[in-house]
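Look over the chain below before reading on. The report begins with its pockets, then turns to its cores and the chain as a whole.

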Amino acid sequence: MANSSMSSLHLLLVYTSLVIPSSCYSQRPSSPSDHVAMFIFGDSLFDAGNNNYLKSAVGRADFWPYGETFFNHPTGRFSDGRIIPDFIAEYLNLPLIPPYLQPGNHRYLAGVNFASAGAGALAETHKGFVIDLKTQLSYFRKVKQQLREERGDTETKIFLSKAIYLFSIGSNDYVEPFSTNFSAFHSSSKQDHVGMVVGNLTTVVKEIYKNGGRRFGFLNVEPMGCFPYARAALQNNTCGCVDELTVLAKLHNRALTKALEELMAQLKGFKYSNFDFHASLSERINNPSKYGFKEGEVACCGSGPYRGILSCGGKRTIKEYHLCGDASEHLFFDGSHPTEKANYQFAKLMWKGSPAVTGPCNLQTLVQE
């Protein structure tokens with residue numbers, strides 16, 4: 001539980017800096033033609049701090065103990081340390097990719113991060129409190145225009161065609177209806193709802209393709225019904241997963257696989273990598289010790305059953321929370337997000353995993369092609 005004896009020490013550490021020093025975001029590439037950049041779209045799994053700059057954000061992580069391990073201060077990432085795109089950037093020999101809304105961030109030679117915690121593929125998901133996927137696309141168009149003005153059409157075209165476009169989106173479109181009166185979900189069948197989510201994602205991918213993107217990386221939807229948050233807040237009892245969310249995740253992932261196969265058949269030069277996040281995370285929930293974790297179901301930080309209530313840091317509605325002694329022993333840092341250790345494992349699988357986990361090819365192969 002957070003207590004007064006801890007708070008005075010941590011307040012000094014937390015609020016010295018909520019933004020990563022600019023040196024961490026230093027632009028290593030000097031020209032768009034000498035590297036592969038990365039443009040990041042999605043939700044809290046990928047948000048590097050965009051929600052820090054939204055006055056009415058549905059979720060923020062710019063307070064302790066988020067960021068407690070690698071950064072030693074909160075950055076807006078929903079983890080104790082780095083998130084998946086941070087490790088992918090390292091594999092690409094890029095600096096940490098900055099959030100689009102970070103003040104002073106006007107150079108995009110390494111790419112930029114548009115992801116927003118709580119965002120969905122549907123505009124209705126947390127409407128007004130996130131940067132929805134369509135708005136993230138509009139930000140990308142602005143970045144493209146700036147690059148064209150600075151570098152010219154030819155160099156920008158080459159730059160965008162070589163870049164990786166990374167996506168983590170969809171889970172909020174299914175979880176949010178369980179906590180709000182989301183009429184669009186309840187008035188349609190599960191298949192229809194999944195069709196809208198995947199359809200919106202596909203539309204955005206096609207638009208990026210029209211704007212020069214050719215190489216895409218995706219996470220499918222995680223086993224959200226088995227997250228500590230779902231078990232604690234959305235389940236009537238404290239055992240087992242939320243079956244309805246499990247069904248939706250499986251429907252979504254089948255639809256996404258089909259949609260990506262169709263895009264590759266329709267769009268000349270379109271290539272993609274689809275990481276089976278659902279299977280990889282499920283395996284770690286069920287067999288944590290196999291992957292170096294002591295705990296696969298209970299979060300490191302939070303309250304209630306499984307520490308699944310999203311009270312980590314005491315800055316949200318519920319102020320009371322518990323914090324574990326060693327985040328690396330846990331698969332989940334809070335009720336909905338992996339620890340840095342888990343994020344590293346997932347990034348490694350995305351980068352060089354086998355086709356059974358990351359298909360039809362991994363990101364490393366995608367970059368080499």
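In this predicted model, 28 residues line the largest pocket. Nearest its centre lie H126, N172, Y229, L310 and S336. The volume of the largest pocket is about 580 Å³. Two helices, α5 (171-175) and α8 (228-234), each give at least two residues to the lining. How does the lining divide into nonpolar, polar and charged residues? The table gives the answer.

| Kind of lining residue | Number |
|---|---|
| Nonpolar | 13 residues |
| Polar | 10 residues |
| Charged | 5 residues |

Next come the nonpolar cores. The largest one holds 55 residues. Which of them touch the most other members? They are F39, Y165 and F167.

Take F167 and leave out residues up to four places away in sequence. F167 then touches F41, F46 and L133. It also touches L201, V204, V205 and I208, along with F216, G217, F218 and L219. A second core is separate and has 36 residues. Among its members are I40, I88, L366 and V367.

Now the whole chain. It has 369 residues, and 57% of them count as buried. The chain contains 12 helices and 8 strands. Consider the contacts with a separation of 6 or more: 72% of them join residues 24 or more positions apart. On the outside, the chain exposes about 15,000 Å². Carbon and sulfur atoms supply 51% of that exposed area.

Note on methods: Residues numbered from 1 in each chain as written. Predicted model: local features only at pLDDT ≥ 70, side-chain atom pairs only at ≥ 80, totals over all residues. Heavy atoms only, no water. Helix = DSSP H or I, 4+ residues; strand = E, 2+ residues; numbered from the N terminus. Buried < 20%, exposed > 50% of the residue type's maximum accessible area, 1.4 Å probe, protein only. Contact = heavy atoms within 4.5 Å. Areas by Shrake-Rupley, 256 points an atom, 1.4 Å probe, with all protein chains shown as cover. 1 Å grid on protein atoms, 1.4 Å probe; cavity = no way out; pocket = protein on both sides within 12 Å on 5 of 7 lines; lining within 4 Å. Points joined across faces, edges and corners; volume = space filled by probe spheres on them. Nonpolar A, V, L, I, M, F, W, Y, C, P; charged D, E, K, R; others polar. Core = buried A, V, L, I, M, F, W, Y, C linked by side-chain atoms within 4.5 Å.
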